[in-house]
Amino acid sequence: MISQENKIFYAFNIDKMFKAVFAGNNEASKRLLLELLSECLDTKIDRIVEFIPIELGVRSKHERSKRLDLIVEVDGRKINVELNSSFDEVTRIRNLNYYFSFCSQYTIAGDAYDFESEFIHISLNYRASNNSPLIACYTFYDKEHKRELDKRFKYYEINVEKFAKFWYDKDMKSVREKPLLTMIGIKDPDELDKYSEKMDISSIKESVDKLKTLNSDKKFVYNITPEQDDLLTKNTLIKIYKAEGLAEGEAKGKAEGLAEGKAKGKAEGLAEAQREITINLLKKNIPIKTIVEVTGLSEEEIKNIDKSL
């Protein structure tokens, strides 16, 4: 059991913990990562060729440097793994931008383009929408002509907490199909202990034991803080939703045709936009304090909207 002395338990959804267990430059971590990637891609992966340098270069003043969570080369596949402790449409925009940057920086091999490697992005998502699938795989596909442009490019989104729900629902058949994905979705230390004991799988026990050891290391957990991207995500949400509210308000105002009508329409449109935005964010389990900053509504107003749902 986890010691009560350390009140905060950092699970696999914390970037530093995930990397320490799955991305260490040792055989044990490589073996665990191979098992996890095999579950994600639903295919047996035998070996990791190498860990690729994970700093994306900045090629112009318009680009922002980015240290990707993890890139490995596996049997002709270059795989980028991103851990998203909170997932929403802004996270997807960010991940897609970095995925295409990742592809563009690794598609040249020597003096020619690399036309053999697969470029795979895997987003391991927490706090994703309940409507999102367990595993979604996106490719460049033309539905009308039923033709794939290039099979080498694949973008995966995995709802890990949905896998964890199999454990809480006692759906052991589903749990055993993806045991590591289920494990990393569990954030409660006592449940992880129960899971490790019940599953009786060496890789599960090894991962949970390592996570517990790391949690008991005060020096290791001392400087764990939310990712800097959380701030960028919040600021992007504020810009998007404020712009939407303003645009909708102005559209209603124009329909009124008069200055007074425009002001009234703008106010009504903004209020309606704030309500719709609040509902969408509540459904995605965004913290109320963040919703206050995004919408400008008070906590009481947001709670009243939540009660009406």
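Let's start with a pair of charged side chains: Glu 177 and Lys 173 meet in a salt bridge, with N and O 3.5 Å apart. Both residues belong to helix α5, which runs over residues 172–177. They are four residues apart there, or about one turn of the helix. Lys 173 is exposed, with a relative accessible area of 64%. Keep in mind as you look around that this is a predicted model.

That pair is part of a larger set, since the structure holds twelve salt bridges. Another one sits within helix α7, where the side chains of Lys 194 and Glu 191 come together at 3.5 Å, N to O. Here the two partners are three residues apart in α7, again a separation of about one helical turn. Their surroundings are worth a look. Lys 194 is partly exposed, at 47% relative accessible area, while Glu 191 has 17% relative accessibility and counts as buried. The cut-off for buried is under 20%, so Glu 191 with its 17% falls on the buried side.

Now for a salt bridge of another kind. Lys 187 pairs with Glu 161, and the closest N and O atoms are 2.7 Å apart. Lys 187 lies in the loop between α6 (179–185) and α7 (189–199), whereas Glu 161 is in helix α4 (residues 160–168), so this bridge ties together parts that are 26 residues apart in sequence. Both ends can be reached from outside to some degree: Lys 187 is partly exposed at 33% relative accessibility, and Glu 161 is partly exposed too, with a relative accessible area of 24%.

What does the whole chain look like around these pairs? The protein chain has 13 helices and twelve strands. It contains 309 residues, and buried ones make up 44% of them. Take the contacts between residues at least 6 apart in sequence: 61% of these join residues at least 24 apart. The accessible surface of the chain comes to about 17,600 Å², and carbon and sulfur atoms account for 52% of that.

Back to the helices, and to a residue on the inside. Thr 182 is found in helix α6, and with 0% relative accessibility Thr 182 counts as buried. Which residues does Thr 182 touch, leaving aside those up to four places away in sequence? The list is Phe 163, Ala 164, Trp 167, Val 175 and Tyr 195. Of the helices already met, α4 spans residues 160–168 and α5 spans residues 172–177, so you can place several of these neighbors by their numbers.

Helix α8 gives a good picture of how one helix sits among others. This helix covers residues 202–215, which is 14 residues, and reaches 20 Å from its first C-alpha to its last, close to the 20 Å expected at 1.5 Å a residue. Where do the buried residues of α8 lie around its axis? The residues in question are Ser 203, Ile 204, Ser 207, Val 208, Leu 211, Leu 214 and Asn 215. They cover an arc of only 125° around the axis, which puts them on the same side of α8. These buried residues pack against α1 (15–22), α2 (27–41), α6, α7 and α9 (218–221). So α6, the helix that holds Thr 182, and α7, the one with the Lys 194 and Glu 191 pair, are both among the packing partners of α8.

Next, the surface. Phe 100, Phe 140 and Leu 149 form a nonpolar patch there, and together they have about 300 Å² of accessible area. Leu 149 is found in the loop between β11 (147–148) and β12 (153–159). This leucine is exposed, with a relative accessible area of 60%.

Finally, have a look at the backbone in two of the loops. Lys 146, in the loop between β10 (141–142) and β11, has a phi near 50°, a positive value in a residue other than glycine. Lys 146 is exposed, at 67% relative accessibility. Arg 127 also has a positive phi without being a glycine, in this case near 55°. Arg 127 is found in the loop between β8 (118–125) and β9 (135–138), and is partly exposed, with a relative accessible area of 26%.

Conventions: Residues are numbered from 1 along each chain as its sequence is written. This is a predicted model: local features need pLDDT of at least 70, side-chain atom pairs count only at pLDDT 80 or more; totals for chains, interfaces and linings use all residues. Side-chain values use heavy atoms; hydrogens and water are left out. Buried means under 20% relative accessible area, exposed over 50%, partly exposed in between (1.4 Å probe, protein chains only). Contact means heavy atoms within 4.5 Å. Accessible areas come from the Shrake-Rupley method with a 1.4 Å probe; for residues, only the protein chains shown count as cover. A salt bridge is a side-chain nitrogen of Lys or Arg within 4 Å of a carboxyl oxygen of Asp or Glu. The expected span of a helix is 1.5 Å times one less than its number of residues. The arc is that of the directions from the helix axis to the C-beta atoms. Patches are made of residues with over 30% relative accessible area and no salt bridge: like charges are joined within 9 Å, nonpolar side chains (Val, Leu, Ile, Met, Phe, Trp, Tyr) within 5 Å.
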